[in-house]
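Please open the structure in your viewer and keep the sequence beside it. The tour below proceeds by selections, each followed by an account of what is found there.

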Amino acid sequence: YKDTWAGGTDSYLDMLYPRLQLMKRLLAPDGSIYVHLDWHVGHYVKVMMDEIFGKNNFVNEVVWAYSTQGRPENKFARKHDTIFVYARNPEKHIFNVELVKIPYSKEYIQSHFRDKDEKGKVCRKRFDAGKWRVYYPDEGMIPNDVWSDIYYENPMSRVKTDYDTQKPEALLERIINASCPENGLVADFFAGSGTTLAVAEKLNRRWIGCELGKV
């Protein structure tokens, strides 16, 4: 992996471009691709993704915000990664909304769920997009595109490896639950620590993993 940076950003992008083209050809008709990057090359790769997958197939720019290690005193701390999400067909791609909902906090329920429906059940009523909508506290909510509720892998975690860029299992759980059906196929072509594959196995998904690294 480190060898791809030998010539700087250009060599990295040259390596990545044909691989993204191949991933597009392999992507299922209802599939999605998640490309996870930090501040070094994210803006460059976004332009590449628009060209390869098409601007109209862009689904989300997810910001994974975290708080780890120290903070510099001469600039704002860089504490987020970016995940670009594209679909083969944004009108038909899989999005398992019920599997990614997160519970409301007790404080949120107390402050926002102050109505009752016709059966006397506690709810929240809102006039939104031209009609009344009813929400219940046990339904949970769909995450927005800033994920600050997922924390970096604890260095003392039993699943922690020595791979520098290992991601937390909770992050992969949300991604896989969102975009892959049970017994569907997950492919990670930069498998690294193998976390994606381990989580796919745990969630009863089939998987393919590739990694080019030095032992």
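Is I83 buried or exposed? Select this residue first, bearing in mind that the model is predicted. I83 has a relative accessible area of 1%; because residues under 20% count as buried, I83 is buried.

**The surroundings of I83**

Extend the selection to strand 3, residues 80–87, in which I83 is found. Next, display the residues that I83 touches, leaving aside those up to four places away in sequence: Y34, V35, H36, N60, E61, V62, W147, L171 and I175. For a sense of distance, select N56 as well. N56 and I83 are 27 residues apart along the chain, and 17 Å separates their C-alpha atoms.

**The sheet**

Now show the strands around this position. Strand 3 belongs to an open sheet of 4 strands, arranged in the order 1-3-2-7 with mixed pairing. Its edges are formed by strand 1 (32–37) and strand 7 (146–147), each of which pairs on one side only.

Within the sheet, select strand 2 (residues 58–65) together with strand 3. These two strands run antiparallel and are joined by 7 bridges. To examine one such pairing, select A65, whose bridge partner in strand 3 is H80.

**Two helices that cross**

Move next to helix 5 (residues 169–179) and helix 6 (residues 195–202). Their axes come within 9 Å and cross at roughly 60 degrees. Helix 5 and helix 6 are therefore oblique to each other, and their crossing is right-handed.

Which residues make the contact? On helix 5, select E169, L172, E173 and I176; on helix 6, select T195, T196, V199, A200 and K202. Coloured by class, this contact of helix 5 with helix 6 shows 4 nonpolar, 2 polar and 3 charged residues. A general point helps in viewing such a pattern: an α-helix has 3.6 residues a turn, so residues three or four places apart point the same way.

**The buried residues of helix 6**

Keep helix 6 selected and highlight T195, T196, L197, V199 and A200, which are buried. What covers them? The covering elements include helix 5, strand 8 (185–188) and strand 9 (206–209).

**The final stop**

Finally, follow the chain just past helix 6 and select N204. At this residue the backbone takes a positive phi of about 65 degrees.

Definitions and conventions
Residues are numbered from 1 along each chain as its sequence is written. This is a predicted model: local features need pLDDT of at least 70, side-chain atom pairs count only at pLDDT 80 or more; totals for chains, interfaces and linings use all residues. Side-chain values use heavy atoms; hydrogens and water are left out. Axes are lines fitted to C-alpha atoms, for helices over the stretch in contact, and angles run from 0 to 180 degrees between N-to-C directions. Angles under 35 degrees count as roughly parallel, over 145 as roughly antiparallel, 65 to 115 as roughly perpendicular and the rest as oblique. A crossing is left-handed if the near helix is turned anticlockwise from the far one by less than a right angle, and right-handed if clockwise. Contact means heavy atoms within 4.5 Å. Ala, Val, Leu, Ile, Met, Phe, Trp, Tyr, Cys and Pro count as nonpolar, Asp, Glu, Lys and Arg as charged, and the others, Gly among them, as polar. Buried means under 20% relative accessible area, exposed over 50%, partly exposed in between (1.4 Å probe, protein chains only). Two strands pair if DSSP finds at least two bridges between them.
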